[in-house]
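Reader: Please take one part of this structure and go through it closely. I would like the interior, with the cut-offs given for each term.

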Amino acid sequence: MGLSLAELFIIAVGLSMDAFAVSICKGLSVGQAKGKHMLCVGVYFGGFQALMPLIGYFLGTRFAVYIEGFDHWVAFGLLAFIGANMIRESLGKGEAEALDASFSVRTMIPLAVATSIDALATGVTFAVLPGVNIWAAVIFIGLTTFLLSALGVKVGSVFGARYKSKAELFGGCVLVLMGLKILLEHLGLLG
């Protein structure tokens with residue numbers, strides 16, 4: 001019972017909301033967003049968002065034999081934790097992202113890693129779910145994040161930061177609901 005394309009899309013969108021929110025800030029900082037800005041952010045964020053679940057998956061497969069009896073609880077716990085953290089960050093009033101107009105490697109790699117840590121844990125979740133095609137999943141997540149991050153730069157450039165917290169809140173809710181769905185399916189409460 002692997003993930004359907006719709007479920008994978010929902011997870012990909014949920015995971016990409018952190019990158020989308022930071023992309024909005026990058027667009028706001030640069031003012032007039034150009035194609036090269038959108039491409040740069042999309043490549044960094046999409047690339048790391050694809051790499052991290054792959055790493056998580058391979059780490060998770062090494063330990064899957066030890067958690068087979070309660071893997072659905074692990075999947076639920078990880079997705080719920082990630083989602084709750086995103087929700088908490090979206091509701092935080094005092095924390096503002098620094099508006100840095102630099103697109104250098106030194107600036108972009110820490111941002112790409114920070115926005116993709118959640119994807120690492122999701123990769124571990126993929127390892128404990130049966131029938132997940134990890135290559136299709138990471139490509140799909142990477143492309144989704146690439147597109148939403150590039151769009152985020154444009155949104156930030158045009159509209160400012162008003163959608164940042166809404167994106168994080170939406171992404172967090174999606175991940176919590178996906179974790180709950182996985183748990184309820186494994187408990188036989190959802191068909």
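Author: A nonpolar core is a set of buried Ala, Val, Leu, Ile, Met, Phe, Trp, Tyr and Cys residues joined through side-chain atoms within 4.5 Å. Buried means under 20% relative accessible area, exposed over 50%, and partly exposed in between, with a 1.4 Å probe and protein chains only. The model is predicted, so local features need pLDDT of at least 70 and side-chain atom pairs count only at pLDDT 80 or more, while totals for chains, interfaces and linings use all residues. Residues are numbered from 1 along each chain as its sequence is written, and side-chain values use heavy atoms, with hydrogens and water left out.

The largest nonpolar core has 35 residues, and Met-17, Phe-20 and Phe-126 have the most contacts inside it. Two or more residues of this core come from each of helix 1 (5–30), helix 2, helix 3 (71–91), helix 4, helix 5 (134–159) and helix 6; a helix here is a DSSP run of H or I with at least four residues, numbered from the N terminus. The greatest share, eight residues, comes from helix 1. A second core of 11 residues is separate, and among its members are Ala-19, Val-41, Ala-112 and Val-153.

Since helix 1 gives the most to the largest core, its residues make a good route through the interior. Phe-20 touches Leu-148, Ser-149, Leu-151, Gly-152, Val-155 and Ala-167, when residues up to four places away in sequence are not counted. Contact means heavy atoms within 4.5 Å.

Gly-14 also lies in helix 1 and is buried, with a relative accessible area of 0%. Beyond four places in sequence, Gly-14 is in contact with Met-86, Gly-171, Val-174 and Leu-175. For one of these partners, Val-174, the C-alpha atom is 5.6 Å from that of Gly-14, although the two residues are 160 apart along the chain.

Ile-24 belongs to helix 1 as well, and at 0% relative accessibility it counts as buried. Its C-alpha atom and that of Lys-164 are separated by 6.5 Å, with their positions 140 residues apart along the chain.

Charged side chains of helix 1 come next. Lys-26 is in helix 1 and is buried, at a relative accessible area of 3%. A polar atom of the Lys-26 side chain lies 2.5 Å from the backbone oxygen of Ser-102. That is a polar contact: a pair of N or O atoms within 3.5 Å, where, within protein, one must be able to donate a hydrogen and the other to accept it, and residues adjacent in sequence count only if both atoms are side-chain atoms.

The structure holds two salt bridges, a salt bridge being a side-chain nitrogen of Lys or Arg within 4 Å of a carboxyl oxygen of Asp or Glu. In one of them Glu-7 pairs with Lys-181, with the closest N and O atoms 2.1 Å apart. Glu-7 lies in helix 1 and Lys-181 in helix 6, so this pair ties together parts that are 174 residues apart in sequence. Glu-7 is buried, at a relative accessible area of 13%, whereas Lys-181 counts as partly exposed at 22%. Lys-181 also forms a salt bridge with Glu-185, where the closest N and O atoms are 2.3 Å apart. Those two residues are four apart in helix 6, and are therefore separated by about one helical turn. Glu-7, Lys-181 and Glu-185 are thus linked in a network of salt bridges.

Helices 2 and 4 add two further buried positions. In helix 2 (residues 35–67) is Gly-46, which is buried at a relative accessible area of 4%. Setting aside neighbours within four places in sequence, Gly-46 contacts Val-41, Gly-142, Thr-145 and Phe-146. Ala-6 is 40 residues from Gly-46 in sequence, and their C-alpha atoms are 19 Å apart.

Ser-116 is in helix 4 (residues 105–128) and counts as buried, at 0% relative accessibility. A polar atom of its side chain lies 2.8 Å from the backbone oxygen of Ala-112, a residue that the second core includes. With neighbours within four places in sequence left aside, Ser-116 is in contact with Phe-48, Gln-49 and Met-52.
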